[in-house]
Amino acid sequence: MATNITFHAGSVDGPERARLLSQKGVTIWFTGLSASGKSTVAVALEQHLLHLKKFCYRLDGDNIRFGLNKDLGFDEKSRNENIRRIGEVSKLFADACAICATAFISPYRADRAVARELHEKAGLGFIEVFIDAPLAVVEQRDPKGLYKKARAGEIKDFTGISAPYEAPENPEIHIKTDECDVTEAVRRITEYLVEHKYI
């Protein structure tokens, strides 16, 4: 780490930015197995919030793995670094008073705890949303054929099959996508944001 750097603070502080934008920054951290519905719900939530004129941006594999994290693989060390970087980037968005929706499997509790701690130390909101669907259900959905390939041994370190997924123990929001549709999921998350005065 470089030691010859000095932080230069801006002239607009968090409370002023929140007042001017009429919202508080927060990261909504979607976690769950592949094909559980994380991206589907995050996409719908982003659209809904933007239609409410709220500053929202979604981070997912498509805009992170093809750019910032294109140098990382899927072994445990790379997954840790992937989530560390996403935690830092989402913190910047939240600091800008954005509602940052991150949709990543993020299989390890310790990595999610690091992301939460980054936000809490900066006085920023962090909402863990467990997008929960049983393995049998996600394997049946399997839109990209990844579970089939993992079962055939064609993909190694695949979460839920050959690599672990550690479910959240106390998420702020728990959505079972085999029992709840996208519209209801978005309603519940938006209601949480309103109740906790993020919007």
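Select strand 1 and show its side chains: Val-26, Ile-28 and Phe-30 point one way, Thr-27, Trp-29 and Thr-31 point the other way, and all are buried. Buried here means under 20% relative accessible area, exposed means over 50%, and partly exposed lies in between, with a 1.4 Å probe and protein chains only. Strands (E, at least two residues) and helices (H or I, at least four) are DSSP runs numbered from the N terminus. In a regular strand the side chains alternate between the two faces of the sheet. Six of the six residues of strand 1 are buried, so the strand is mostly covered.

The model is predicted: local features need pLDDT of at least 70, side-chain atom pairs count only at pLDDT 80 or more, and totals for chains, interfaces and linings use all residues. Residues are numbered from 1 along each chain as its sequence is written, and side-chain values use heavy atoms, with hydrogens and water left out.

**Neighbours of strand 1**

Add strand 3 to the selection. Strands 1 and 3 pair in the parallel sense over five bridges; two strands pair if DSSP finds at least two bridges between them. Phe-30 stands opposite Ala-103 of strand 3. Next add strand 4, which runs parallel to strand 1 and is joined to it by six bridges. Here Thr-27 has Phe-126 as its bridge partner.

**Helix 2**

Move on to residues 38-51, which form helix 2. Its 14 residues should span 20 Å at 1.5 Å a residue, and the end C-alpha atoms are 20 Å apart, which agrees. The expected span is 1.5 Å times one less than the number of residues. Colour Lys-38, Val-41, Ala-42, Ala-44, Leu-45, Glu-46 and Leu-49, the buried residues of this helix. What covers them includes strand 1 (26-31), strand 2 (56-60), strand 3 (99-103), strand 4 (125-132) and helix 8 (182-195). After the helix comes Lys-53, with a positive phi near 65°.

**The loop before helix 2**

Select Ser-36, in the loop between strand 1 and helix 2. Ser-36 is buried, with a relative accessible area of 0%. Leaving out residues up to four places away in sequence, Ser-36 touches Ile-131, Ala-133, Val-138, Arg-141 and Thr-177; contact means heavy atoms within 4.5 Å. A distance label between the C-alpha atoms of Ser-36 and Leu-135 should read 8.7 Å, although these residues are 99 residues apart along the chain.

**Cysteines**

Show the cysteine sulfurs. A disulfide is a covalent bond between the sulfur atoms of two cysteines. The criterion used is a pair of cysteine sulfur atoms within 2.5 Å, and the structure holds zero disulfides. The sulfur of Cys-56 has its closest cysteine sulfur in Cys-100, 7.7 Å away, which is too far for a bond. Cys-97 is in no disulfide either, as the nearest cysteine sulfur, that of Cys-100, is 13 Å away. Cys-56 is buried at 5% relative accessible area, and Cys-97 is buried at 4%.

**Aromatic pairs**

The whole structure has four aromatic pairs. Rings of Phe, Tyr and Trp (its six-membered ring) pair if their centres lie within 6.5 Å; planes under 30 degrees apart are stacked, over 60 edge-to-face, and the rest tilted. Select Tyr-57 and Phe-93: the pair is stacked, because the ring centres are 5.3 Å apart and the planes are at 5°. Tyr-57 is in strand 2 and Phe-93 in helix 4 (residues 76-95), so the pair links distant parts of the chain, 36 residues apart. Both residues are partly exposed, Tyr-57 at 34% and Phe-93 at 24%.

Then select Tyr-147 and Phe-158, an edge-to-face pair with 4.9 Å from centre to centre and 85° between the planes. Tyr-147 lies in helix 7 (residues 146-151) and Phe-158 in the loop between helix 7 and strand 5 (173-176), so the pair ties together parts eleven residues apart in sequence. Tyr-147 and Phe-158 are buried.

**Charges over rings**

Two further stops show a charge over a ring, defined by NZ of Lys or CZ of Arg within 6 Å of the ring centre and within 35 degrees of the ring normal. The charged end of Lys-24 sits over the ring of Tyr-198, 5.2 Å from its centre. That of Arg-65 sits over the ring of Phe-74, at 4.0 Å from its centre.

Arg-65 also leads to the last selection, Asn-82, with which it is in contact. Asn-82 lies in helix 4 and is buried at 5% relative accessible area. Neighbours within four places in sequence aside, Asn-82 also contacts Ile-64, Asn-69, Leu-72 and Phe-104.
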